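Hi,

Here's the structure I promised to pass along. Have a look at it first, and then read on for my notes.

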Amino acid sequence: MKIFKVISLVALVAVIGCCDAVAQGVVKKRTGENDKKNSAQPGVTPRMEAFYEDEEVSDADLVWMRVIYRSLDLTNEQNMALYYPEEPTENQENLFRIIMRLIANNQVAAYEYLDGREVFTDQYKIKVRDMLDRFHILYTEAKGSTEKNPKFTIEESDVPCNEVLSYYVLERWEFDRVSNRMNQKIEAICPVLHRAGDFGGEAVKYPMFWIKYDALRATLSQQYVFTDNDNNLEKYNYDDFFMLRLYKGDIYKTRNLKNLSLMQMYPDPDDLRRAQDSIDNRLNSYGKHLWVPTREELQARAEAEAAAADTAQKVENREVVASETKPATKRSTKRGLKSTSSTSEKKKKAPKVKEQKAPKSSGSATRSVRRRK
């Protein structure tokens with residue numbers, strides 16, 4: 001009887017374990033299906049979205065922070081990876097088409113461009129329909145569109161990719177006391193339309209909207225781009241392009257009390273360029289000057305300074321020697337020219353002809369030879 005009870009208990013445990021395994025499998029399957037259904041972007045799972053979301057750093061942990069606005073010119077060769085291809089291909093799509101597709105499908109939120117007063121809250125979310133009407137982009141309502149979840153279909157030929165010739169990038173430079181590091185992250189991106197008037201003239205810039213970069217990262221990580229014409233391998237994706245700072249952009253504004261751009265603060269082009277370079281240098285070197293250097297760093301710095309001084313001394317000595325030899329050469333040349341010219345002048349002078357002296361007249365008369373017989 002005892003053996004029979006033990007066997008029955010073992011069988012009961014096995015049956016319960018099988019039931020649990022089946023139940024867990026069903027739950028996992030349903031969870032996976034729900035994840036796919038709830039995924040905001042095709043090909044992107046919620047786990048991917050969570051992976052690319054940056055953890056917000058508390059202001060209490062920050063020692064220093066600065067907000068920078070950059071303008072990325074897509075005609076610059078270093079930024080052309082964001083513009084091309086103009087028309088989508090089998091494996092490639094430019095950045096603006098990706099952004100417009102996500103916005104039209106109501107997969108990411110876009111926010112109003114407030115020119116230095118950006119606030120990424122629900123109050124400042126834009127209505128996609130109003131934005132499309134404002135910039136005269138043709139669209140139709142997509143299937144399944146509702147008032148709470150509006151979706152739109154935009155034909156590929158109606159997406160104004162050829163007019164988006166620049167982007168505004170909002171950067172945050174933070175020094176975190178917890179990690180003791182300078183962190184640079186992109187907070188938002190704004191596509192900018194360049195449109196000329198009806199009568200031609202210079203194109204006018206129209207910033208369209210801000211879109212938070214964290215909402216784009218999971219999708220941008222799926223799209224690889226060319227960054228080098230000499231190497232046709234797609235080594236980087238859009239997320240790498242931004243996170244590794246492969247782009248090149250000029251600082252056009254920093255957050256300030258008066259909300260002025262650098263062009264307003266420095267009207268002169270030379271002063272503007274110096275201010276931009278100064279801000280860039282400060283951002284790149286801020287974290288390096290916060291800590292006391294180690295003995296090895298001091299020794300390496302001293303050796304570098306000694307080598308630079310030695311090189312400068314050698315250059316100075318060469319200049320001194322060159323300055324001493326040049327005048328001597330000139331003098332000798334002048335002397336040689338003088339001696340040569342004097343010799344030639346002497347040769348050219350005609351020899352002096354001695355004047356014949358007239359015969360001395362005597363006091364006695366001279367007999368005429370003709371009258372002799």
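Below is what I found, going from the whole chain to one helix.

First, the ground rules: this is a predicted model, so local features need pLDDT of at least 70 and side-chain atom pairs count only at pLDDT 80 or more, while totals for chains, interfaces and linings use all residues. Residues are numbered from 1 along each chain as its sequence is written, and side-chain values use heavy atoms, with hydrogens and water left out.

The protein chain has nine helices and 10 strands (DSSP runs numbered from the N terminus: H or I of at least four residues for helices, E of at least two for strands). Of its 373 residues, 28% are buried (under 20% relative accessible area, with exposed meaning over 50%, 1.4 Å probe, protein chains only). Among contacts (heavy atoms within 4.5 Å) between residues at least 6 apart in sequence, 64% join residues at least 24 apart.

Now helix 8, residues 269-285. Its 17 residues reach 24 Å from first C-alpha to last, close to the 24 Å expected at 1.5 Å a residue (that is, 1.5 Å times one less than the number of residues). Leu-272, Ala-275, Gln-276, Ile-279 and Leu-283 are its buried residues. Seen down the axis, they fall within an arc of 100 degrees, so they line one face of the helix (the arc is taken over directions from the axis to the C-beta atoms). Their packing partners are strands 1, 4, 5 and 10, plus helix 7. Asp-270, Arg-274 and Asn-281 are exposed on the other side.

Cheers
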